[in-house]
Amino acid sequence: MSQSIGLVTLVVREYDEAIDFFVGKLGFALLEDSYQPAQDKRWVVVGPAGSYGARLLLARASTAAQAARAGDQTGGRVGFFLYTDDCLRDVARYRQAGVRIVHEPVEQPYGTVAVFADLYGNLWDLVQNKP
């Protein structure tokens, strides 16, 4: 059997501001943005440029309960892990783009890791694994 995780839903307040952050600041690719008339919503998928791994489905909150979760989908824990080939380069680029770096890069037994917050406050580990 062969399986893989294709999409992970990230609750957002508005599609366009989320696209601006993930594509404009993090450098992700906008892989799909199509209107779904039956549900009156957009299907917006982003992912790291050139990557074939899991992608994010940016899902606009449609209820007050969902809106309350934007930015706190994991109760304050790091909930997302972005792998990179150069942590220091990406931290410098993110900082210049206005991304909030929560924890500066540190060396760990498995590699270099930094923590950043997305536009809603969700925490992400930026990980450069050791070879």
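This report describes the sheet, the salt bridges, the aromatic pairs and two aspartates of a predicted model.

**Sheet and helix**

An open sheet is built from 4 strands in the order β1-β4-β3-β2, with mixed pairing. The edge positions are taken by β1 (7–12) and β2; each has a single partner strand, so one side of each is left without a neighbour in the sheet. From one strand to the next, the twist averages 25°. Strand β1 runs parallel to strand β4 (residues 55–60), and 6 bridges join the two. One of the residues involved is Val12, whose bridge partner in β4 is Arg60. Helix α1 (residues 15–25) packs on this sheet and touches β1, β2, β3 and β4. The direction of helix α1 makes about 10° with that of β3. In general, strands of a sheet pair through backbone hydrogen bonds, either parallel or antiparallel.

**Salt bridges**

The whole structure contains 6 salt bridges. Among them are the three in the table, listed with the distance between N and O atoms.

| Pair | N to O distance |
|---|---|
| Asp33 and Arg42 | 2.7 Å |
| Arg89 and Asp90 | 2.9 Å |
| Arg93 and Asp90 | 3.6 Å |

In the pair of Asp33 and Arg42, each side is partly exposed: Asp33 has a relative accessibility of 36%, and Arg42 has a relative accessible area of 22%.

Asp90 takes part in a salt bridge with Arg89 and in another with Arg93. Asp90 is buried, with a relative accessible area of 5%, while Arg89 is partly exposed at 41%. Arg93 also counts as partly exposed, at 37% relative accessibility. Where do Arg93 and Asp90 lie with respect to each other in helix α3? They are 3 residues apart in this helix (residues 87–97), which means a separation of about one helical turn. Salt bridges that share partners join Asp90, Arg89 and Arg93 with Asp85 into one network.

**Aromatic pairs**

A search of the whole structure gives 7 aromatic pairs. One of the pairs is that of Phe22 and Phe28, with ring centres 5.7 Å apart; the planes stand at 40°, so the pair is tilted. Phe22 is buried, with a relative accessible area of 0%, and Phe28 is buried at 6% relative accessibility.

Another pair is formed by Phe80 and Trp124, whose ring centres are 4.8 Å apart. Their planes are at 25°, so this pair is stacked. Phe80 belongs to strand β5 (residues 78–83) and Trp124 to strand β8 (residues 123–129), so the pair ties together parts that are 44 residues apart in sequence. Each ring sits on a buried residue: the relative accessible area of Phe80 is 11%, and the relative accessibility of Trp124 is 4%.

Ring pairs link these four residues, Phe22, Phe28, Phe80 and Trp124, with Phe21, Tyr94 and Phe116 into a cluster.

**Asp125**

Asp125 is located in strand β8, the strand that also holds Trp124. Which side chain of opposite charge is nearest to the buried Asp125? The nearest is Arg77, 8.9 Å away, and Asp125 has no salt bridge. The cut-off for a salt bridge is 4 Å between nitrogen and carboxyl oxygen, so the distance of 8.9 Å to Arg77 lies outside it. Apart from neighbours within four places in sequence, the residues in contact with Asp125 are Val78, Phe80, Phe81, Leu82, Val113, Ala114 and Val115. Phe80 in this list is the residue whose ring stacks with that of Trp124.

**Asp40**

Asp40 is placed in the loop between β2 (28–36) and β3 (41–48). Most residues other than glycine have a negative phi. Asp40 is not a glycine, yet has a positive phi of about 50°. Is Asp40 buried or exposed? Asp40 is exposed, with a relative accessible area of 51%. Asp125, in contrast, is buried.

Note on methods. Residues are numbered from 1 along each chain as its sequence is written. This is a predicted model: local features need pLDDT of at least 70, side-chain atom pairs count only at pLDDT 80 or more; totals for chains, interfaces and linings use all residues. Side-chain values use heavy atoms; hydrogens and water are left out. Buried means under 20% relative accessible area, exposed over 50%, partly exposed in between (1.4 Å probe, protein chains only). Rings of Phe, Tyr and Trp (its six-membered ring) pair if their centres lie within 6.5 Å; planes under 30 degrees apart count as stacked, over 60 as edge-to-face and the rest as tilted. Lys and Arg count as positive and Asp and Glu as negative; His and the chain ends are not counted. Contact means heavy atoms within 4.5 Å. Two strands pair if DSSP finds at least two bridges between them. Axes are lines fitted to C-alpha atoms, for helices over the stretch in contact, and angles run from 0 to 180 degrees between N-to-C directions.
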